[in-house]
Amino acid sequence: MVYTAAAGLDPQRVLPVVLDVGTNRQELLDDPLYLGNKHKRVAGEEYYKFVDQFVQTVEKLFPNLYLHFEDFGRDNAANILNAYKDKYPVFNDDIEGTGIISLAGILGGLKISGEKLKDQVYMCFGAGTAGCGIANRVLQEYVDQGVPREEAIKKFYLVDKQGLLFDDMDDLTPEQKPFARKRSELETNEYVKASLGGDTKKLTTLEECVKAIHPTILVGTSTKSGAFSEVVVKEMAAHTARPIIFPLSNPTELAEATAEQLITWTDGKALVATGIPAQPVTYKGVTYDIGQANNALIYPGLGLGDIAAGAKLLTDQMISKAAHSLGGIIDVAKPGAATIPPVSKLTEFSETIAIAVANEAVDQKLAKISKEEVPSAVKSIKWVPEYKDLTK
């Protein structure tokens, strides 16, 4: 529905597929009315063989296929994406979608503040599939803007249920490991020395981490309601002129903070995007529009651009162009401008994103069309519903 409504893809060209590999919920296995496969979830090599059989089959049945993966979970999502991203045009919404829209919001926020990405210190609370996916996308943007990777990654701090992630922890996921810090880096930290006795093992809460690190960007994917407390937010705002704060967890009851709280606690300084729809916030005479970091702002246009270009792959550079094209649609002259454009203009943005993505595919020699053909190719592929009056 979203690909059709937002990007105008013909619904006859979009095929949703659910892969049923069983369930570990005993109440479902015992339920006579449960319609799914009644066995424990398949895992490991057998699971990946099944996914591969699906991919190989649909690629034969539907040449030039664009694959959109969703809800594979933190144990499998990255493995599946990495297995196919260099073979086919593949997009994983949980890993890449949230990362692209978050990057677009950060770029929009920096456009408003006039600051540079290379000067930002990034912290994420909730280092699962989405949290690590966002961190990777933002890290790649640092690199794309000329910051050496080994220097850029020093700007990143990931906090999960065990606290700040360190490389000597034995429960890190493969996606977390690149961002895990060495304890020696924090042992000389002024706050750690003065308030924690130099013991980095006490960096177990978001509040302690914010006090030690002073992030300028704080992203929440923790599903921990109220995690961005007044103390945390005010501490962050005390050390940066325009804190970028994105509580992205949803639904509403799981959000790390509300937009109104963030605007109020920072005296209107915060640049905010939320994972749920949020009403504008009026504070001290200024109305702040709140952008929603909704993946639907990005992925329909991304897919439309890839398909219109007949691209062989979906590359990091094409994804980056999508983020930049959305992040660039910000009215910096408007007081209280949103960091992300409104969902109400989704169809317009999808076409803008598609053209940017298709142009990049041409530049990378992955497209079947020329640069001159891009605008017409995007428009020609769009489907418009036409309704007939059957009473006449």
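**The largest pocket and its surroundings**

Among the contributors to the lining of the largest pocket, α3 takes the biggest share, with four residues. The model behind this picture is a predicted one. Helix α3 spans residues 44-61, and it is joined by α1 (2-7), β1 (67-69) and α13 (299-309) in giving at least two residues each to the lining.

As for the pocket itself, its volume comes out at about 1500 Å³. The lining counts 42 residues, and those closest to the pocket centre are Leu15, Pro16, Tyr66, Leu67 and His68. Sorted by character, the lining holds 26 nonpolar residues, 11 charged ones and just five polar ones.

Leu15 turns up again on the surface. Together with Val17, Leu61 and Phe62, Leu15 makes a nonpolar patch of about 400 Å². Within that patch, Phe62 sits in the loop that runs between α3 and β1. Phe62 has a relative accessible area of 40%, so this residue counts as partly exposed, given that the partly exposed class lies between under 20% (buried) and over 50% (exposed).

Then there is α13, another supplier of the lining. Here 10 of the 11 residues are buried, which means that the helix is largely enclosed by the rest of the structure. The buried set runs through Tyr299, Pro300, Gly301, Leu302, Gly303, Leu304, Gly305 and Asp306, and also takes in Ala308 and Ala309. Right after α13 comes Gly310, with a positive phi near 65°.

Notes: Residues numbered from 1 in each chain as written. Predicted model: local features only at pLDDT ≥ 70, side-chain atom pairs only at ≥ 80, totals over all residues. Heavy atoms only, no water. 1 Å grid on protein atoms, 1.4 Å probe; cavity = no way out; pocket = protein on both sides within 12 Å on 5 of 7 lines; lining within 4 Å. Points joined across faces, edges and corners; volume = space filled by probe spheres on them. Nonpolar A, V, L, I, M, F, W, Y, C, P; charged D, E, K, R; others polar. Patch = residues over 30% accessible without salt bridge, like charges linked within 9 Å, V, L, I, M, F, W, Y side chains within 5 Å. Areas by Shrake-Rupley, 256 points an atom, 1.4 Å probe, with all protein chains shown as cover. Salt bridge = Lys/Arg side-chain N within 4 Å of Asp/Glu carboxyl O. Buried < 20%, exposed > 50% of the residue type's maximum accessible area, 1.4 Å probe, protein only.
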